[in-house]
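User: Please take a close look at the surroundings of the ligand, with one loop residue as a brief prelude, and give the cut-off behind each term.

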Amino acid sequence: MVTGELVKLRALEPEDADAFWRWHNDPEVVRWLSADYPESLAQTRKRFADREPNSHAKVTFGIETLAEGKLIGTCTLRDATPETARAEVDLYLGEKDHWGGGYGTDAMRTLCRYGFEVMRLHSIALWVVAENAAAIRVYEKLGFQVDGRHRDSFRGEGRWHDMLLMSLLEGELT
Ligand SMILES: CC(C)(COP(=O)(O)OP(=O)(O)OC[C@H]1O[C@@H](n2cnc3c(N)ncnc32)[C@H](O)[C@@H]1OP(=O)(O)O)[C@@H](O)C(=O)NCCC(=O)NCCS
């Protein structure tokens, strides 16, 4: 378990499957997320029951509020190798009533700290849709910088959107 100011990050449990299924069927939550093909609740539950253990290559956490102990989202560091000391991050809050309360910033800061201090990463990268202003604000607050723009690389709402590649190096986390 990894603790921040507002949230703690903990391993996912099979019982978390129902919340994930609900989040993935909420158009506002998935608006700027890369879409998977639709999954039934039974398939989601099976995937959670069969989940691989966390490892250096891929570690996924549930984001739980410290105050209420409520699961509000999830975050992952993936594709890490010891040789490159880099990983990519995915993060979202599925509980919309918790948006705008600082939880996303605290969860991202806590995850990056874990990546640098425990996993000994040197750089953490992410892709974000260029119109996702709230997410970009969170990442910039923490010290992420824009490395590049991948044009027309996200399909949503019937049109193409650019995505930004952002990264944070060891020592840059604020
Ligand atoms: C993006 C997300 C993780 C942010 O988490 P959060 O807890 O809502 O964010 P915080 O409250 O920590 O911070 C939000 C910041 O963005 C700002 N913000 C909110 N909406 C904004 C907008 N439309 N334009 C610019 N800034 C905005 C807030 O003012 C705040 O900045 P501040 O602290 O300087 O005032 C969360 O809203 C989410 O999961 N959204 C849906 C999925 C998603 O887009 N995930 C990211 C994919 S890359």
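Analyst: Helices (H or I, at least four residues) and strands (E, at least two) are DSSP runs, numbered from the N terminus. This is a predicted model, in which local features need pLDDT of at least 70 and side-chain atom pairs count only at pLDDT 80 or more, while totals for chains, interfaces and linings use all residues. Residues are numbered from 1 along each chain as its sequence is written, and side-chain values use heavy atoms, with hydrogens and water left out.

The prelude is Asp26, which sits in the loop between α1 (17-24) and α2 (27-30). With a relative accessible area of 17%, Asp26 is buried (under 20%, 1.4 Å probe, protein chains only), and a polar atom of its side chain lies 3.0 Å from the backbone nitrogen of Glu28.

Turning to the ligand, 22 residues surround it, and Leu93, Gly104, Thr105, Arg137 and Lys141 come nearest; a residue is near if one of its heavy atoms lies within 4 Å. Oxygen atoms of the ligand are found 2.7 Å from a side-chain N or O atom of Lys141, 2.8 Å from a side-chain N or O atom of Asn132, and 2.8 Å from a polar backbone atom of Gly102. Of the 960 Å² of accessible area (Shrake-Rupley, 1.4 Å probe) that the ligand has on its own, the protein covers 69%. Two or more shell residues come from each of β5 (86-93), α4 (103-117), β6 (123-129) and α5 (133-141), with α5 giving the largest share, seven residues.

Terms used:
A polar contact is a pair of N or O atoms within 3.5 Å; within protein, one must be able to donate a hydrogen and the other to accept it, and residues adjacent in sequence count only if both atoms are side-chain atoms. Buried means under 20% relative accessible area, exposed over 50%, partly exposed in between (1.4 Å probe, protein chains only).
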